[in-house]
Amino acid sequence: MLACLVISDLVLFLSILLFDKIIFKFNVKRDSLNKIKLMVVVVCVIGISLAINIKKNLVLGSLIYIALVCVITYIIFDENFKTLLLSSFWTIGIIEMLDKMSVIIIDVIYEITGISNIGVAKISRATIIFLFVAVVGLLYNRKYSEGIKTIDKGSLVTFTVLTIVDTVIVMVIANIIVVDNEPEKQIIYYVAFIFAIFGLYIQLGAVILALMQRNIYKESQQLTEKYLEEQKSHYEYLEKREIETKRFRHDLRSHMEMLSVLAKERRYDEFDKYVEEINVNIDRFGNNVTVQNGIVDAIINKYYSEAIANNVNMEVKGRFPGDCKIDAYDLCTIFSNILSNALEATIEAKEKWISVECRYTGDNILVEVKNTFDDKNTARNGKMRTHKKDANNHGFGLENVKDSIRKYNGLWSIDIEQNIYKITIAFNYVRQE
């Protein structure tokens with residue numbers, strides 16, 4: 001009996017960790033996969049479970065269990081402690097409500113079959129919850145690479161309220177069925193009730209997927225608007241530069257005649273000053289950089305202007321194919337996120353420079369972005385810390401970059417060495433037909 005209770009607690013605990021890993025998408029610490037650490041975690045869970053089930057103090061046992069979940073998730077996952085703490089409380093609450101519904105399922109099955117075993121019932125309940133989390137996680141991972149930690153708090157509150165309402169409905173209906181003692185109707189009620197509960201499970205899973213879909217649509221819409229704005233700025237800049245170039249060409253003959261006069265009259269000081277003024281005007285046309293791809297140019301030039309405004313030296317060289325089959329949306333996703341992160345990190349550094357290099361062969365495209373950063377802005381897992389106001393949502397941009405690269409069977413790598421952060425991207429070069 002005691003063994004069954006411990007096994008069920010272990011399964012519930014695994015359900016919580018599985019929820020964090022495949023639905024919240026928390027990053028696992030490398031050293032947490034150490035066999036010794038995993039054994040210590042298992043022993044701790046078994047020990048606490050034994051203590052709780054032997055003492056049978058519900059309040060104290062619940063507090064110890066919650067504390068254990070928080071500690072172990074912090075040991076296993078490489079996330080902000082506050083995030084892990086809040087997610088632990090939320091996940092425990094959701095699992096507990098699912099458990100309430102699974103209790104009624106098992107009770108109904110026992111009522112129909114006439115079999116009763118408390119230990120087996122507890123394991124069965126825990127197994128139902130584990131399977132629910134695993135199935136939802138499997139469906140979730142087929143469609144999304146980001147975790148539900150990207151969903152806004154309001155949506156999570158909505159899902160929580162829905163789960164509470166479903167639990168209350170199930171418990172109320174269960175009491176109504178128990179009150180109705182007509183034997184010929186009882187089996188029909190029980191079977192219908194089991195299907196209703198499983199329907200609620202499906203509903204909750206569908207709500208998670210729907211909330212994430214809405215979140216991704218919102219991000220997609222924002223990125224599209226951002227891309228269009230950058231394109232608009234880029235074309236406005238090109239139009240302005242074209243007008244200035246035409247004006248300069250119009251006066252070029254006059255400038256050359258003036259230089260000729262100054263040279264013939266040996267007025268060399270005035271000649272040098274006049275040439276310098278011409279160079280200044282020419283430099284005004286050269287503030288724009290290009291890699292020979294209109295879409296990529298639009299994005300790079302936006303951050304090139306911001307770099308100049310923040311006293312960051314940004315070097316752009318190479319070429320990006322203009323006839324490749326990479327969608328504008330994906331190009332915007334890749335370059336906007338990488339350059340935004342690079343500029344943010346470089347602004348805080350003592351030495352301020354960014355290097356962007358694009359090149360391609362007949363088969364591959366290679367993009368390499370390097371930037372300086374300050375040591376204090378590096379997290380222990382090698383990721384960059386952010387000073388943005390929406391810090392909770394920061395970091396998902398890199399996940400979006402990875403998704404866009406995967407679409408073209410690409411590869412990426414990140415190297416950090418001596419205050420230089422380098423990201424390298426390579427994907428197949430497919431020409432437009």
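**View 1. Cysteines without a disulfide.** There are zero disulfides here, a disulfide being a pair of cysteine sulfur atoms within 2.5 Å. Keep in mind that this is a predicted model, where local features need pLDDT of at least 70, side-chain atom pairs count only at pLDDT 80 or more, and totals for chains, interfaces and linings use all residues. Residues are numbered from 1 along each chain as its sequence is written, and side-chain values use heavy atoms, with hydrogens and water left out. Two cysteines are worth a look: Cys-44 is partly exposed, at a relative accessible area of 35%, while Cys-324 is buried, at 5%. For these words, buried means under 20% relative accessible area, exposed means over 50%, and partly exposed is in between (1.4 Å probe, protein chains only).

**View 2. A nonpolar patch with Val-161 in it**. Val-157, Val-161, Val-165 and Ile-169 make a nonpolar surface patch of about 310 Å². Patches are built from residues with over 30% relative accessible area and no salt bridge; like charges are joined within 9 Å, and nonpolar side chains (Val, Leu, Ile, Met, Phe, Trp, Tyr) within 5 Å. The areas come from the Shrake-Rupley method with a 1.4 Å probe, and for residues only the protein chains shown count as cover. Look for Val-161 in helix α6, which covers residues 153-179. Helices (H or I, at least four residues) and strands (E, at least two) are DSSP runs, numbered from the N terminus. Val-161 itself is partly exposed, with 45% relative accessibility.

**View 3. Two loop residues with a positive phi**. Most residues other than glycine have a negative phi. Asn-311, though not a glycine, has a positive phi near 60°. You'll find Asn-311 in the loop between α9 (294-309) and β1 (313-318), and it is exposed, with a relative accessible area of 65%. Gln-418 also isn't a glycine, and its phi is positive too, near 50°. Gln-418 sits in the loop between β4 (411-417) and β5 (420-428), and it is exposed at 70% relative accessible area.

**View 4. Tyr-74 and Phe-81, an edge-to-face pair**. Five aromatic pairs turn up in the structure. The ring centres of Tyr-74 and Phe-81 are 5.3 Å apart and their planes stand at 85°, so this pair is edge-to-face. Rings of Phe, Tyr and Trp (its six-membered ring) pair if their centres lie within 6.5 Å; planes under 30 degrees apart count as stacked, over 60 as edge-to-face, and the rest as tilted. Tyr-74 is partly exposed at 34% relative accessibility, and Phe-81 is partly exposed as well, at 45%.

**View 5. Tyr-408 and Phe-427, a pair between a loop and a strand**. With centres 6.5 Å apart and planes at 65°, the rings of Tyr-408 and Phe-427 are edge-to-face. Tyr-408 lies in the loop between α11 (396-406) and β4, and Phe-427 in strand β5, so the pair ties together parts that are 19 residues apart in sequence. Both rings belong to buried residues: Tyr-408 has a relative accessible area of 16%, and Phe-427 has 3% relative accessibility.

**View 6. Lys-302 with a ring and an acid**. Lys-302 lies over the face of Tyr-303, at 4.3 Å from the ring centre. For a charge to sit over a ring, NZ of Lys or CZ of Arg must be within 6 Å of the ring centre and within 35 degrees of the ring normal. Lys-302 also meets Glu-306 in a salt bridge, 2.7 Å from N to O. A salt bridge is a side-chain nitrogen of Lys or Arg within 4 Å of a carboxyl oxygen of Asp or Glu. Glu-306 and Lys-302 are four residues apart in helix α9, so about one helical turn separates them. Glu-306 is partly exposed at 29% relative accessibility, and so is Lys-302, at 29%.

**View 7. Salt bridges with arginine**. The structure holds eight salt bridges. In one of them, the side chains of Arg-359 and Glu-357 meet at 3.0 Å, N to O; Arg-359 is partly exposed, with a relative accessible area of 38%. Elsewhere, salt bridges that share partners join Glu-265, Arg-267 and Glu-270 into one network. Within it, the closest N and O atoms of Arg-267 and Glu-265 are 2.4 Å apart. Arg-267 is partly exposed at 30% relative accessible area, and Glu-265 is partly exposed at 46%.
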